[in-house]
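User: Please take me through this model and justify the terms you apply to it as we go.

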Amino acid sequence: MPQPQPKGAPSAGGRLARFFTTENMMLAPAMLVLASVSIFPFLYLIYASLMDFSLAIDNPTFAGFRNWLRLVKDPLIFQSWKVTIVYAVTGLGLELILGVGIALLLYAAPWGRNLFVTLWMLPIFVAPVVAGLLGWFLLNSSYGLYAWVLQQFGVHTDIFGTVATALPAVILIDVWEWTPLITLIVLSGLQSLPTEPLEAAEVDGATYWQKLRYIILPLSFRIIVVALLIRSMDIMRFIDTIFITTAGGPADSTKIIGLRLFDVAFRFMDIGFAAAIGLSMLVVTIFLGKAFIRVMYGRE
Amino acid sequence: MKKKLFAILSCLVILTLVLAGCGGEKAKDTAKEPAAQGKLVDGPFKKVEGLPAIQAPEGFDWKQFAGVELNVISENTPPSSAIAANIKEFEEATGIKVNIQQMDLGTLVQKVGLDFGAGSSKYHVIYADPYQVLAKYSSKFVDLNELEKDPTLPKIPGGLEDFIQSQLEIDGYMGSKDKLYALPYDCPTMVLAYRTDVMAKIKENFLKEKGFDPTPNPNMTWEQYYQVAEYINKHAAELGVKYGTGHQAKQYDSLMCDFSNILNAYGADYFENRDLGGIGAANPGKTALTTPEAIQAFEFYNKLLKIAHPGSKSWDWNGLAEAFAAGEVAMAPEWHEFASMFENPEKSKVAGKVAWTTLPKGPKRSANIFGGTGIGINANASEKEKKAAWLFLVWATSPQTQLMILESPVGGATPSRNSVYNVASVKKAMEDPTSEEAKKMPNLTSMKATLEAWKAENAYGRPKVPQWPQIDTIVFTELSKMLAGQQDPKTTAESISKQVDALTGN
């Protein structure tokens, strides 16, 4: 005796019919493209992290979790994460302070805002590799303008060749290039703030600092977090500037994790280990993103 | 009767077969002979008196591969720039279209590795750096012996014997001499550049004070070099230079090259197996960097870099060349092909004031690291592409093309062919740096020293092993830590040994 169909539960044919709706069929090409450019490579990355490509790049052998164990055991990876943390935290901190500060100044500026924003944004349009070259030309100890200025004050150190100065120099290049992005995002947020609370505060006789502390910053908090979120992801990925100026040296003092990944993947062609490093970077980025989003919505 | 007839018939059949067999063998031989030993005729290329011409078997159709498109991947070096500028000669003669892509070595290694990994032939002709490409991917290259022996194809003009043999060994083979993977293409070698004007200024007083001539020469030792550099530092203001010596000690491949000269001059090497610098080996065996000679070399290099231009630690070979050309340093171990830059008044403040010699000697010898590269053919290419690529290889490495590269204003690289050095104009330029010929081929000002550096007693080839990119990185990273004062020379040597032995499983 056939089992009675529960009320409301669709039959197999019904499920199939629901799947092949016009909407789904129209979405299918886009989903296929998305799968081919994003999901399949991601799955391949997971597969690669379990393989050993070091002996023959076109004929990998199964390595189990060896690449993942190397990731935990290799002191060079830890060293690179340490440098990355210093690089990212200092860089983001400076970009945040300067970016938000300049955005506030522009927000309050009575005239010339558009002209200044246009000029201020120029570094964003420069490719990171060109930013690195500019930094190299300006700080080069043979012909660099800034190096020459320092030499006039009796400072004869080589900026990219000294451990104490190389990392600050590459951080400052990053700050020069990307602070305008923070400014731009924050300024757009400030310009869309509701004017009523500010007008009410003015009527109540609030000072600028009081308005900033109690109205402007709390209201633009979300947009600042969004700016930081975008930059924090980028700062882990972009290696061009460091590659051009110091190549990770001296003494590995500027070898961020992205640069280490580049070495392992493209100099050593150790694709399995590189895949494991890449996935670990992805996990860190996801956690970072989640943390920022939690901070963003935590204040609601 | 029947039996007799059968026996006679059988004998006749056997005899016929034997005769036919012998005749066939003979016929086969005679068919082979003309092709194998057939007359070779000159190809449709420019001929230069005194140089072996590019030749092919009689009747060879140079245009049989017309329409084939070859992708050549090369480091952005002077020979490739000169070849790109003069590629019309080859394209018109063969109908083959050649796309030359030039890039930095790191990018090249990455692209070639991915091409091989994918089993494809995006690049047909490959700039096969012996240490970063050939050592690791030799099996992915065509055995050029097969193409050279093919009776239907053009021959290497002048034969393999015309290449500088030590360079052929390094650039062409891997592990054994059974297969030839690449033909020598360029040959930068590290020698010593120094300022003649600075040396002339200090000569008298230095001689009085130290008792030897400060002018670098083939008999100068590294310890004497140190003293000269230190002396120039003390008198820098009056001499018009900032420092006595400059080095390419950025945390990069250049640092390993710079250090290797001293390591080997002190009688040490990276591995116990000392025969890795030529044809190389798959497994290098145990390291030998903690021997007393090696430790001495580490100590001396650390000491030398303390008095070198502070910029040294951020310079690779280009940075050092720019500093030398800007007149910042009086002496620099540098690749000999920078001679044309130093003699170009538009790029150099020291044009006409530069001389070259082999690198100073250590307790053992003078060691001058070789940095040349060959070009080979991707084994994944189709048969037609392989043959078209062979024509390109024959032309690009021919003495005529090598001479063209030497004379080209966009090239200037020195030839990897013995015969070119016997051309009258080349000889004159090497002997007289003030001659018109030398002005036309400024790279030859460093050539006398370089030819000395190529002699077996002065030449040094770094270990050619598949793991070299990793070993190189370990060496220059640890050296960089030593130069930054983070570890002493002994610890540096031990750290490199430990990491390299772990990497190679020894």
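## Reading the two chains

Analyst: Among contacts in chain A between residues at least 6 apart in sequence, 70% join residues at least 24 apart. This is a predicted model, with an ipTM of 0.81 and a pTM of 0.85.

User: What makes chain A more spread out than a compact globule?

Analyst: Chain A consists of 13 helices and two strands. Its radius of gyration is 26 Å, whereas the globule rule gives 19 Å for 300 residues, and because the value lies well over that expectation, chain A is described as more spread out than a compact globule. Along the principal axes, its C-alpha atoms fill a box of roughly 95 × 65 × 30 Å, and buried residues account for 32% of its 300 residues.

User: Why is L172(A) called partly exposed?

Analyst: A residue is buried with 20 or more other C-beta atoms within 10 Å of its own and exposed with 12 or fewer; L172(A) has 16, so it falls in between and is called partly exposed. L172(A) is part of helix α8 (residues 163-191) of chain A, and its C-alpha atom is separated by 8.8 Å from that of L94(A), a residue 78 places away along the chain.

User: And why is K149(B) called exposed?

Analyst: The cut-off for exposed is 12 or fewer other C-beta atoms within 10 Å, and K149(B) has 11, so K149(B) counts as exposed. K149(B) belongs to helix α6 (residues 144-149) of chain B; from K149(B) to P184(B), 35 residues apart in sequence, the C-alpha to C-alpha separation is 18 Å.

User: How is chain B built, and how many of its residues are buried, as a percentage?

Analyst: Chain B has 21 helices and 13 strands, and 53% of its 506 residues are buried. Its C-alpha atoms occupy a box of roughly 115 × 55 × 40 Å along the principal axes. Of the contacts in chain B between residues at least 6 apart in sequence, 73% join residues at least 24 apart.

User: How do you know which parts of chain B the predictor is confident about?

Analyst: The guide is pLDDT, the predictor's confidence in each residue on a scale from 0 to 100. For chain B the mean pLDDT is 91, and 92% of its residues reach 70 or more. Residues 15-36 of chain B are another matter, since pLDDT stays under 50 there, and for that stretch the model has three contacts beyond four places in sequence.

User: What makes the largest nonpolar core a core, and which residues have the most contacts inside it?

Analyst: A nonpolar core is a set of buried nonpolar residues of certain kinds, joined through C-beta atoms within 7 Å. The largest such set has 147 residues, and V125(B), I375(B), F392(B) and L393(B) have the most contacts inside it. Helix α15 (residues 383-396) of chain B contributes the most to this core, with nine residues, and the core takes at least three residues from each of domain 1 (61-187 + 371-422) and domain 2 (190-369 + 448-504) of chain B. Beyond its neighbours within four places in sequence, L393(B) is in contact with V125(B), L183(B), I375(B) and I377(B). A second, separate core has 52 residues, among them F53(A), V83(A), F160(A) and L228(A).

User: How do you know that the two domains of chain B touch?

Analyst: Two residues are in contact if their C-beta atoms lie within 7 Å, and by that test 19 residues of domain 1 of chain B are in contact with 22 residues of domain 2 of chain B. On the domain 1 side, the elements giving two or more residues are α5 (130-137) and α7 (165-172) of chain B, with α5(B) supplying the largest share, five residues. By class, that side has nine nonpolar, seven polar and three charged residues. The centres of the two domains, taken over C-alpha atoms, are separated by 30 Å.

User: What makes up the contact between the domains of chain A?

Analyst: The assignment for chain A gives domain 1 (12-49) and domain 2 (70-298), with 36 Å between their centres over C-alpha atoms. Four residues of domain 1 are in contact with six residues of domain 2, and the domain 1 side comprises three nonpolar, one polar and no charged residues.

User: How many residues of each chain take part in the contact between chain A and chain B?

Analyst: In the model, 22 residues of chain A are in contact with 27 residues of chain B. Helix α12 (residues 257-267) of chain A provides the largest share of the chain A side, three residues, and that side divides into ten nonpolar, seven polar and five charged residues.

Technical notes
Residues numbered from 1 in each chain as written. Chains lettered and ligands numbered in written order. Predicted model: local features only at pLDDT ≥ 70, side-chain atom pairs only at ≥ 80, totals over all residues. Helix = DSSP H or I, 4+ residues; strand = E, 2+ residues; numbered from the N terminus. Nonpolar A, V, L, I, M, F, W, Y, C, P; charged D, E, K, R; others polar. Domains from an automatic or database assignment. Rg over C-alpha atoms; globule rule 2.2 N^0.38 Å.
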